[in-house]
Amino acid sequence: MTTSLFGEPIERREDPRLLTGGGRFLDDLGRDALAAAFVRSPHAHARILDIDLSAAVDVEGLVAIYTWEDLPGGVGDPLPLLIPHPAMTHGRTGLPLARDVVRHVGEPIVMVVARDRYLAEDAAELIRVDYEPLPPVVGIENAAAAERLVHEDVPGNVGAHLVQEVGAAPAAIEAAPHVLEFRLDIERSASTPLEGRGVYARWDAADESLRVYSSTQTSTSVRMAVAARLGLPPGKVEVIAPDVGGGFGVKIVHPWPEEVLVPWAARLLDREIKWTEDRREHFVASAHERGQVQFVRVGFDDEGRLLGLDVRILHDHGAYTPYGIIVPIITSTQLLGPYKPGAYRVEFTSLYTNTVIVTPYRGAGRPQGVFCMERTMDRIARHLGRDRAQVRAANFIQPEEFPYDQGLTFQDGRPLIYDSGDYPEMLRKTLALIGWDSFAELREAARSRGRRIGIGLGCYVEGTGVGPYEGGHVEVDTAGRVHVSTGLTSQGQGHQTVFAQIVAAELGVPIEDVYVTTGDTRRFGYAVGTFASRAAVMSGNAVALAARKVRDKALRIAGDALEADPGDLQITDGTVHVKGDATAAIPLRTVAVLANPLRYAFDAEAQRATQFAAPADPAAPPVAPGDEPGLEGRDYYSPVRSTFAAGMHAAVVETDPDTAEIRILRYAVVHDCGRMINPRIVEGQIHGGVAQGIGGALYERMAYDPAGQLLNASFMDFLMPYATEIPRIETDHLETPSPLNPLGIKGAGEAGVIPVSAVLAAAIEDAEGIRVDAMPISPDDLFHLRLRAGTDPSLRL
């Protein structure tokens with residue numbers, strides 16, 4: 001393989017178009033389409049008694065109004081439970097439009113279609129829904145107490161319960177020289193991408209086909225869901241993800257109610273219809289994540305080595321479970337990080353509440369798990385009076401122990417077996433990058449000037465490249481352009497760059513000649529989607545395998561043309577030539593012509609492929625058995641199990657003695673995602689992830705009141721960090737190639753966000769000398785922690 005492009009930090013190819021206003025996002029489409037709007041529940045829990053449409057029907061420009069009673073079978077059925085699991089004892093999903101009961105603020109009840117969005121909203125405002133309010137269940141502890149039920153037929157509000165165990169953890173803890181027991185809390189946050197959800201659909205009555213544009217992370221799955229719900233053959237449904245302004249997990253859910261209703265109405269009315277989510281709708285009608293309570297019991301020896309770890313998790317999954325219990329499964333398994341836990345027992349209970357549903361958000365359960373384990377490591381170090389880095393090092397899996405089987409089942413149903421890594425070297429790099437060994441002197445110098453600074457450290461392992469498969473198609477046309485297609489979607493990750501780098505390197509062509517298409521079922525119909533840091537591993541390897549097929553065919557055809565052994569040929573800058581002899585050569589574009597035997601010469605170049613252009617074996621068919629016309633290849637990559645990337649973060653923070661303001665002075669990251677395709681893009685992923693992690697650690701939370709009303713459902717009230725709050729991020733990398741895939745790569749997309757809460761909690765704790773057991777933490781939270789620590793000495797370190 002030519003490696004001149006693989007691993008190079010070239011600039012992102014998609015940026016000039018996006019930065020100069022050339023983007024084509026969902027709301028840029030369908031300017032003449034009818035618009036949809038929704039009447040949504042103002043109550044967290046209520047019975048629907050009556051829906052009065054009479055005042056809305058006279059609105060000028062109104063086209064249609066639909067309630068659940070108007071929906072035919074299939075369309076009106078409960079939405080699918082996408083990832084069933086044996087531990088899910090009471091899975092429940094919502095209806096596209098609520099029928100009898102609403103279970104969270106924002107649940108859709110009525111769909112309005114009008115000439116434009118303004119008129120649709122006007123009509124929606126005039127619709128009167130009569131409710132009987134029911135007592136809501138808000139908060140994990142209220143759900144666990146089960147004094148009220150979210151679903152009348154779900155006892156205890158328990159949707160799922162799962163225990164995984166390796167060894168006898170309770171006994172190992174009892175026998176350990178040291179035992180600690182404590183509680184940790186993580187509050188809700190949400191993806192809040194710049195672009196919300198959106199759907200635009202048009203029906204072709206003559207062809208009986210449907211085209212749907214959706215701001216989604218999984219166009220092929222939306223296609224299958226829409227086809228199933230509308231009773232259409234999948235071949236008659238096209239789904240296209242245009243430019244997508246961020247996903248971060250919320251757009252992996254499918255089908256959303258709107259993804260069923262808008263195409264259905266477009267077909268019924270034979271009109272183009274579009275719906276785009278406004279910001280409040282995103283807060284109350286899409287998805288959240290993160291909320292957990294964790295109870296930890298750990299036993300360890302005098303060196304800080306784990307002998308037994310028992311963790312019980314209460315997980316808030318909101319009103320419904322369309323995405324199953326992937327988040328708590330990931331928390332409970334990825335909690336282990338780079339460590340050997342001795343005996344391990346983990347139990348989680350996933351609970352219904354009258355709040356917005358919970359589905360994966362960048363990190364997908366890992367930030368909670370890392371918070372649990374890294375806070376545990378810090379507790380052990382404090383208890384023993386040992387250096388926090390030394391305690392971590394004492395528990396590391398060693399390089400010679402890979403592959404390492406943790407003895408658990410991961411989110412893909414496969415064994416939790418780490419493929420490769422070097423955690424001691426990663427720790428060495430991290431400590432050097434942040435200046436760990438000299439920090440005590442800095443702390444004392446700061447204290448002498450009345451300043452409080454602290455340092456924190458966090459380690460993680462991230463399962464990436466989750467199956468079951470992805471595919472790729474590569475085609476060289478007669479102009480020498482290389483067209484690459486893969487079914488997964490892009491939301492800003494740089495796929496058009498990294499996939500082009502892979503194919504250019506595999507084929508030996510200039511990257512300028514490579515054109516990449518993602519998320520368009522017209523170009524590639526089978527895919528799983530973009531989530532779980534899987535795109536580079538899955539589609540990257542798929543397009544590499546497809547390119548190798550093209551390369552092999554090109555060398556065979558060129559060998560015939562040049563009367564040379566294909567093994568003696570190579571491709572350089574788009575030209576096939578004999579190794580060491582550039583004069584015996586043929587352009588790849590000409591090979592593409594020769595790959596398609598022609599009857600007609602449509603231009604001078606095509607004459608090379610016509611039936612009288614060159615002598616041919618009269619006993620052989622023009623297209624050999626098992627061969628196909630054209631210079632193209634298709635292949636799929638399906639892994640035996642996930643790859644496991646890893647990283648370590650460290651931070652220095654300062655806390656203001658008077659205002660309790662928290663400021664990050666330094667932030668360092670060392671990351672291992674196997675072989676890097678494009679270090680510049682990996683850096684960008686890390687920087688964006690850290691910024692998102694800082695938001696989740698210090699600013700962002702979903703503030704529900706006891707009635708289930710989200711009090712900060714706007715960017716006026718939902719705090720987020722600006723560029724002024726994000727420090728310069730210092731990075732270093734380690735490359736331990738994965739043995740599981742041809743390119744040796746692992747994922748990087750979620751890495752930056754995963755350990756941030758744990759790292760900042762540790763640094764704040766170090767600066768203040770007060771235990772930090774809950775995140776996010778605001779200046780107000782820190783102020784009250786100080787007050788409590790003043791009256792309760794047990795909170796002080």
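**Exercise 1. Find the loop that holds P468, and state the geometry of the peptide bond from G467 to P468.**

Solution. P468 sits in the loop between β18 (452-464) and β19 (470-476). Helices (H or I, at least four residues) and strands (E, at least two) are DSSP runs, numbered from the N terminus. The bond from G467 to P468 is cis, with omega near 10 degrees.

The model is predicted: local features need pLDDT of at least 70, side-chain atom pairs count only at pLDDT 80 or more, and totals for chains, interfaces and linings use all residues. Residues are numbered from 1 along each chain as its sequence is written, and side-chain values use heavy atoms, with hydrogens and water left out.

**Exercise 2. Describe the backbone at P403 and at F248.**

Solution. Start with P403, which lies in the loop between α10 (388-395) and β16 (404-409). A cis peptide bond joins F402 to P403, and its omega is about -5 degrees. Next take F248, in the loop between β11 (237-240) and α6 (257-269). F248 is not a glycine, yet its phi is positive, about 60 degrees.

**Exercise 3. Check the length of helix α16 (residues 679-698) and inspect its start.**

Solution. The expected span is 1.5 Å times one less than the number of residues. Helix α16 has 20 residues, so it should span 28 Å; its end C-alpha atoms are 28 Å apart, which agrees. At the start of α16, a side-chain oxygen of N678 comes within 2.9 Å of the backbone nitrogen of R680.

**Exercise 4. Describe how domain 1 meets domain 3.**

Solution. First, locate the parts: domain 1 covers 15-20 + 468-637, and domain 3 covers 292-466 + 640-795. These bounds come from an automatic or database domain assignment. The contact (heavy atoms within 4.5 Å) takes 21 residues from domain 1 and 22 residues from domain 3.

Second, take the area. About 1500 Å² is buried between the two domains, 59% of it from carbon and sulfur atoms. Buried area is the accessible area (1.4 Å probe) that two parts lose on being put together, summed over both.

Third, count salt bridges (a side-chain nitrogen of Lys or Arg within 4 Å of a carboxyl oxygen of Asp or Glu): there are zero between domain 1 and domain 3.

Fourth, name the elements. On the side of domain 1 that touches domain 3, α13 (495-507) and α14 (535-562) each give two or more residues. The largest share, eight residues, comes from α14.

Terms used: Polar contact = N/O pair within 3.5 Å; in protein donor to acceptor, adjacent residues only side chain to side chain.
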